[in-house]
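Open the model in your viewer and keep the selection tool at hand. The tour moves from cores to sheets.

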Amino acid sequence: MILILGGTTEGRHAVTVCDEASKSYYYSTKGESQEIICANGTRLTGALDENAMEAICIEKNIRLLVDAAHPFAVVLHQTIAKVSEKLNIPVVRYERSYPEHDEDIIWCDSYDDAINYLERHNIDNLLALTGVNTLVKLKPYWQSHNCWFRILDRQESRALVDEVQFPFEKIIYYQQGEDDTPLFEKLQPEAIITKESGESGGFNEKVKAARELNIPVLAVKRPPLSLHFIPVHGENGLRKMIEKLVPDFFELRTGYTTGTCATAATKAALTALLTGNQLNEISITLPSGEWIYIPIEATTFGDNEVTCIVIKDAGDDPDVTNKQEITSTVRLNTEKRGVHFLQGKGVGVVTLPGLGLEIGGPAINATPRKMIKREVFKVLRHNQYKLPDHSIRIGVDVTIAVPNGEEIAKRTFNPKLGIIGGISIIGTSGVVKPFSSDAFIRSIRREMGVTKALYCERVVINSGAKSEKIVKQLYPELPGQAFIHYGNFIGETIKIAADLGFKYVTMGIMLGKAVKLAEGSLDTHSKKVVMNKEFLSDIAVQAGCSDSTIEAMQNITLARQLWEIIPETKFFSLIIQKCHEVCTPLLPDGELTVFLIDEEGKIIR
C-alpha cells in the first residue's frame, strides 16, 4: 500500500500516477480545501504528527511513502523522515522544478537572514509573497516597517492574520492566474520577498514581473530534506520508482526509448571527457521537460574520446532492443562547431527519402537528436572553463552504436523503410509504455474507469504523446485523466469506451495509423499490418488525384510522405471518413469524433 502526502500540484500528479494502477492507496492532506478526486485512493485529512503517521502506516500496511508536500512544510518532512526510519519504509520525494540561483536575486538562508538584509539596506516598504504562515516569521520586520502581505482568500488565513494582529488593510488576496505586474506597479514596493517555491509555486512569474520593474527580489531558500529521500521530478520518474519499490502495484513496467538511452550515454561520455569523472548514473531531460536518472553500465576512456554504455530497459514492452547495449562515443571537434552525428556499428544507414533524415547518415530520429544536442550544450556550458579557449563554440562528434543492431534489425521493418545495416534510434516521448499484450488492454480499461469515475462524458483517445498534446488544446476543461493512449489497440479502446457508457469519444490519430485503420485494421501494430498502397491508390482515385500523384504514391516508404505529394485535401477527408465507417459500429450509443493530425501539428477534421 502507498501513502501520498500531498496538498500540492505534485500531489495531484502523484494521484494521477497511482490511479493508473486501479489499486488502493491513500492520499493525505492537512486540510480539506484542495479539490481532488482519487478514483482509487482513500482521502485522509488532518495534520499528522509522528504518532498518527506511524499508526496509519502500521494499520494500512504502508510499504511506500510519497512526499509530495510543499517544499517549506518542514515539520511534515521531518515527521516523514522519522516514521520512515523507524518503520523502515522508503520515501520517494516528488520534487518540483527549481530555477538556478541567478545572481540578481538576493538568496537568504532563513527569514531571520532576510530581515537582517532588509534592516541593513533600510528597506521600509516590502511586499511579502511568502504566504500567511510566514506572518509570525516576519513579525520582527512588519512591526516597525510598512509591509504588505498577499495571502489566499480563506477563513483559516484570515483567522491567522487576526491572531498575530497584522493590519487587515495591508492584506491582499491572491487571485488564481492573476498577473503580478499590476500589483507591483500599484504598491511600488522597495523590495519583494518570496520563497524558493519552484515553477509550480509561481516563482518564475514573480521574479519576471519584479525584474521588469527593477524591484529587488529576496528569496528564502528551500529547507534541505533527508538524504534518504529518493527524488523524482515527474510522473514517469515516480512510476518507475513505484515499479521498483512496490513491484506488484502496476501490472506492467514502463521503459525508456533507444533515444533516451543514447542521450544518457552521450551526456555521461561528454561529462567524463571534460571532467575525468566516471558516473554511475546521469540525469537527462525528457521532451516533456521532466528530469529522469539513467544508470550508466560502463565507461571507457580512449585517446581523446570517451565511450559510455547504457543497457536499454523497455520495461514489459516486447521490444527487440530490450536489454541491448546502447553506446555513445564522444570526441571534441575544434574545427567544426555544433553536434555531429557519426555512424556507429549496428545503427542503420538511411538510404531512402521520407524519413526526414539525411540520406547516407545514421538513422537517429529527430527527437533523439534534439535530446542529445540539448544535453551536450548543457554539459559544455557547465564545463566551459575546461574547454579549449574556454569557449562553448566548439564541436562535438557523437557516434551512437548498438553492437547487436545489425542482427536485431532483421526482425524489424527497417529494410523496407530503406534503413540498412542496423536499427534506428527512436522515441518521441523518451518513454516506452508497454503495449502489444492483453495486460495493456486491461490497463486501458482501468485508466478509462478512472475517467468515468471523474464524471467525464467525453474521453479523448490518442496514439501517443504527440497527438495527445495537440488534441488536448481543444479540451482545456477536461482533466488529465480524460486523455488515454490506445497505442495500437484502437478497436479495443473504443469498445471499452462503449462498455463504460461514454457519450462522446474523440480520437486523435497520425496518418500512419489512420491509413491502416481506414482499411479496416483495428489493431495497427506494424507486426500485424503494413501500409497498403493499392488501397491508398483507390482512395486517391476517389479523391480525384492526378495520375502523377498516384504514380508518386508507389514510391513512398512511409505514410507521412503522403502529406508532401498529395495536394488534394479530399484525399485526407476520405481517410477520416473511412476511419469513421470502421469505428462507428463499435460505439453504437455514442458520438465519435476523429481528428487527423499532420506533421506540423495541424488538425484535419
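This is a predicted model. Start with the largest nonpolar core, a set of 49 residues. Select Leu562 and Phe571: these two touch the most other members of that core. Now colour helix H20, residues 569–583. With 7 residues, H20 gives the most to this core.

Stay on Leu562 and show its contacts. Which residues does leucine 562 touch, leaving out those up to four places away in sequence? Display Leu511, Val515 and Leu536, then Met553 and Ile556, and finally Phe571 and Phe572.

Next, move to a second core, separate from that one. It holds 41 residues. Select Tyr256, Cys261, Val339 and Met371, which are among them.

**The sheet that starts at S3**

Switch to cartoon view. Here is an open sheet of 6 strands with parallel pairing. Read across it in the order S3-S2-S1-S4-S5-S12. Which strands are at the edges? Select 41–45 for strand S3 and 230–232 for strand S12; each pairs on one side only. Check the twist as you go across: neighbouring strands are turned by 25° against each other on average, direction ignored.

Zoom in on the S12 edge. Strand S5, residues 91–94, runs parallel to S12, and 3 bridges join the two. Pick tyrosine 94: valine 232 in S12 stands opposite.

Now add helix H1, residues 9–19. H1 packs on the sheet. Its contacts take in strand S1 (2–5), strand S2 (25–29), S3, strand S4 (64–67) and S5. Compare directions: that of H1 makes about 170° with that of S2.

**The sheet that starts at S6**

Go on to another open sheet of 6 strands, with parallel pairing. The order is S6-S11-S10-S7-S8-S9. Select 106–108 and 171–173 to mark the edge strands, S6 and S9 respectively. Each of these pairs on one side only. What is the average turn between neighbouring strands of this sheet? It is 20°, direction ignored.

Focus on the S9 edge. Strand S8 covers residues 146–151 and runs parallel to S9. How many bridges join them? There are 3. Pick isoleucine 151 and look across to tyrosine 173 in S9, which stands opposite.

Finish with helix H7, residues 180–187. H7 packs on this sheet and touches strand S7 (125–128), S8, S9 and strand S10 (191–195). The direction of H7 makes about 160° with that of S7.

Definitions and conventions: Residues are numbered from 1 along each chain as its sequence is written. This is a predicted model: local features need pLDDT of at least 70, side-chain atom pairs count only at pLDDT 80 or more; totals for chains, interfaces and linings use all residues. Side-chain values use heavy atoms; hydrogens and water are left out. A nonpolar core is a set of buried Ala, Val, Leu, Ile, Met, Phe, Trp, Tyr and Cys residues joined through side-chain atoms within 4.5 Å. Buried means under 20% relative accessible area, exposed over 50%, partly exposed in between (1.4 Å probe, protein chains only). Helices (H or I, at least four residues) and strands (E, at least two) are DSSP runs, numbered from the N terminus. Contact means heavy atoms within 4.5 Å. Two strands pair if DSSP finds at least two bridges between them. Axes are lines fitted to C-alpha atoms, for helices over the stretch in contact, and angles run from 0 to 180 degrees between N-to-C directions.
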